[in-house]
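Me: I am new to reading protein models, and I would like to go through this one slowly, asking about one part at a time. Could you help me reason from the picture to each answer?

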Amino acid sequence: MPVLFFIDEAELLTLHDQEQVPELRIAVSSVFAWHGNPYEPVSARCRAWERGTRQEPPPCLPLLAATVLAAANMRRTELGPGAPAYYARLAEVLQPPWGNGAQHKHRLQQHYDTVVELWVCLDQWLREKAGARGLSTIKKNPTYTKIGYAQSQALVRASDHAALTSFFRSAGLSPGQPVAGATLLRDLAVWSTRHPQGLSQGLRRALVSDSERPLLEPLLVALLESWDATTQGSIDGLRRVPLRVVVEDGWTGWEIRWHADTVPGVEADVLKHPNGELNLASGAEDQAYVLSGAIPEVADALQSGFTARGQKTAVRVESGRKLMALREDPVAGGWVETDVLAVSEPYVFLFNPSGQRQLQAFLDDAGLRWYRPEDVPLPGWQITPALEFKDAPALAEALARSGIQNVRHTTANLLSLRNGLRVRPEWRQRSHFLLGGEPDLMVPKELRKSGLVTLDGDQLDVPAEGLVELRGRDLKPGRHVLAADGTELTFHLERLIAPQSDRATAPTPAEPVATVVVPLVGDSRFLTAQGRYLTIPRAQEPAWWRERAPDLCGGGAVRVPIPPTAVWLVTMPASGAPSVKLLRREEPDIGSLSRPAKEFWSKIVLFDQAGTSHATLWRRYREAVLSQFPRGRFGRV
């Protein structure tokens, strides 16, 4: 495991109560010799330590932590990446008993070679231990030969380790592989745009900073040398495709399926497993694979595990899962399984009876109430309502005590949008709002200082509670950008267009229509190009109708709006022949189907529309759906 020596004010607040934060500064400053080389007492202790058994770490760790804290503080006030800004922050962290002054700052800078020697001492000791106490990431920087040690360690948080491991794995890299730092830097910048929540804001900021990229290059090389490829790494030498659970709140309730992120350089593969072949397919710009073939049932995989291997890739789902966290993901189109929890972001939790007590205890420790969960189409599993953590230290402590596996806490500062009138509920358009129905902005506690948050480049005043109303600011239609501390959040405003008159001629069946008439009894559903069905809320005949015309009850109809994604209307009346109506022309785009969707299609897939204008298109839909079923499943009798 590589040793990451990151610390900043937020980390100190997490580790200690606020009134205890100054203790690191006081403890280190109190041993300094302020009338000469201030670092000499620490250096003397290290020389004595070198003559001993050297079993424990060198006694310079607190001083080195203080130098990293100074590097992390460089972004607060004084601008500039170089030595003047760094030593100004170091003089704030380390001070003599009589307080801050120009003289002690001069001495800290003049004798800083001693600190360089202590960094070298720690690096040598870690290498002597051959990984038993962690693998060193300490590298001399050719540009910043002195302060570069501390500055490079301030770029990468502990929470970045898992994300960087995922990056190395997705890039097909192996530990110790010779790769230029500039290449790693370029590839990581591209990867981070597809996985923006994987890296901390500080690291994302360093990727686009001309002053910090030179510091990051040798550090990435060191991390590649030391990362543990055996931890959740490749499967039998094949590149691992993460297969994650997705839960979507659809028209018919919760639906559960799989999501598989693409692996760079692999557009398609066929993975074999005991029950058949799992097909992965993607386009050049796709971020997720389309799954087809023998797709494992989610319930079976979570209980018994699942492994499939192809020519280039492999997937594996561990068995015995009982609890998982999920966050919103526009690419997956629902709530997707995650291994990261942060404040000011909504999550839902999927759990079975074995994980319920553990989840309840964790949420109680984190300061959240337990609300009645809902059933999902997984036998014995339930899902919580959307929950949001408010207190980062409480979340970190609760997660540490909970024993929940494969989930970690990140201190990344995330802006988030609340409320507002969205144009459409579809996941790919969740950032589009009606003009006049602008959302509210929730700002994390760490970013509420004056001047940190901007809207289209203009500073926003953030109230103490962190919720900023964006309405009433005379915003124009189009794209708007919120920014804070190196992170950005984009939303779009669209003008409301009044509906047109109904006097136009009736549209042809192949054109989109606004409404359609369906019977009050029987089963009517819309079908999308992806093979999903959308249920139609059944209207009730009014009481006066039942009282005055009882003989006509059951024969009424209702006009309902057509969802924009609907292609077909399938009506199966209580009596009589079913009907299939084309609403608009769109070729089938059917990947994986949920179990409820398969069950519905099994009732209609043999409907023959011969003699109709849409018979050929309907046949292509039937053929695409039939490929999702085992051979021999259907037949006419």
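Reply: Let us begin with a term that we shall need: two strands are said to pair if DSSP finds at least two bridges between them. Please keep in mind throughout that this is a predicted model.

Me: In what order do the strands of the 3-stranded open sheet stand?
Reply: The pairing in this open sheet is antiparallel, and its edge strands, which pair on one side only, are β17 (416-418) and β22 (467-469). Neighbouring strands are turned by 30 degrees against each other on average, if direction is ignored. The order of the strands is therefore read, with the pairing rule in mind, as β17-β19-β22.

Me: Which residue of β22 stands opposite M442?
Reply: Strand β19 covers residues 440-442 and pairs with β22 in the antiparallel sense, over 3 bridges. The residue of β22 that stands opposite M442 is L467.

Me: How many helices and strands does the chain have, and what percentage of its residues is buried?
Reply: The chain has 18 helices and 30 strands. If we look at contacts between residues at least 6 apart in sequence, 65% of them join residues at least 24 apart. The accessible surface comes to about 31900 Å², of which 50% belongs to carbon and sulfur atoms. Of the 637 residues in the chain, the buried ones make up 47%.

Me: Which helix supplies the largest share of the largest nonpolar core?
Reply: This core has 32 residues, and those touching the most other members are F32, Y39, L63, L90, L94, L108 and Y112. Several helices each supply at least two of its residues, among them α2 (22-29), α3 (40-50) and α7 (113-128). The largest share, 8 residues, comes from α7.

Me: Which residues does L63 contact, leaving aside its neighbours within four places in sequence?
Reply: L63 is one of the residues that touch the most other members of the largest core, and it is also among the residues of α4 that make the contact with α7. Leaving aside neighbours within four places in sequence, the contacts of L63 are V28, F32, Y39, V42, L94 and L118.

Me: At what angle do α4 and α7 pack?
Reply: The axes of these helices lie 10 Å apart, and their crossing is left-handed. On the side of α4 the contact is made by L61, L63, L64, T67 and V68, while α7 brings V115, L118, W119 and L122. The angle at which α4 and α7 pack is about 115 degrees.

Me: Is A48 buried or partly exposed?
Reply: A48 lies in helix α3, and its C-alpha atom is separated by 9.7 Å from that of P59, which is 11 residues away along the chain. The relative accessibility of A48 is 38%, and since buried means under 20% and exposed over 50%, A48 counts as partly exposed.

Me: Why does T338 count as buried?
Reply: T338 has its place in strand β10, where 5 of the 5 residues are buried. Not counting residues up to four places away in sequence, T338 touches A325, L326, R327, Y347 and V407. Because the cut-off for buried is under 20%, T338 counts as buried with a relative accessible area of 11%.

Me: Which residue of β10 is the bridge partner of R327?
Reply: Strand β9 (residues 323-329) pairs with β10 in the antiparallel sense, over 5 bridges. In β10, the bridge partner of R327 is V336.

Me: Which strands stand at the edges of the 4-stranded open sheet?
Reply: The strands of this antiparallel sheet follow the order β27-β26-β29-β30. Each edge strand has a single partner strand, so one side of each is left without a neighbour in the sheet. The strands at the edges are β27 (533-535) and β30 (579-582).

Me: Which residue in β27 is the bridge partner of L527?
Reply: Strand β26 (residues 523-528) is joined to β27 by 3 bridges, and the two run antiparallel. In β27, the bridge partner of L527 is Y533.

Note on methods. Residues numbered from 1 in each chain as written. Predicted model: local features only at pLDDT ≥ 70, side-chain atom pairs only at ≥ 80, totals over all residues. Heavy atoms only, no water. Buried < 20%, exposed > 50% of the residue type's maximum accessible area, 1.4 Å probe, protein only. Contact = heavy atoms within 4.5 Å. Axes fitted to C-alpha atoms, helices over the stretch in contact; angles between N-to-C directions. Areas by Shrake-Rupley, 256 points an atom, 1.4 Å probe, with all protein chains shown as cover. Core = buried A, V, L, I, M, F, W, Y, C linked by side-chain atoms within 4.5 Å. Left-handed = near helix turned anticlockwise from the far one by under 90°.
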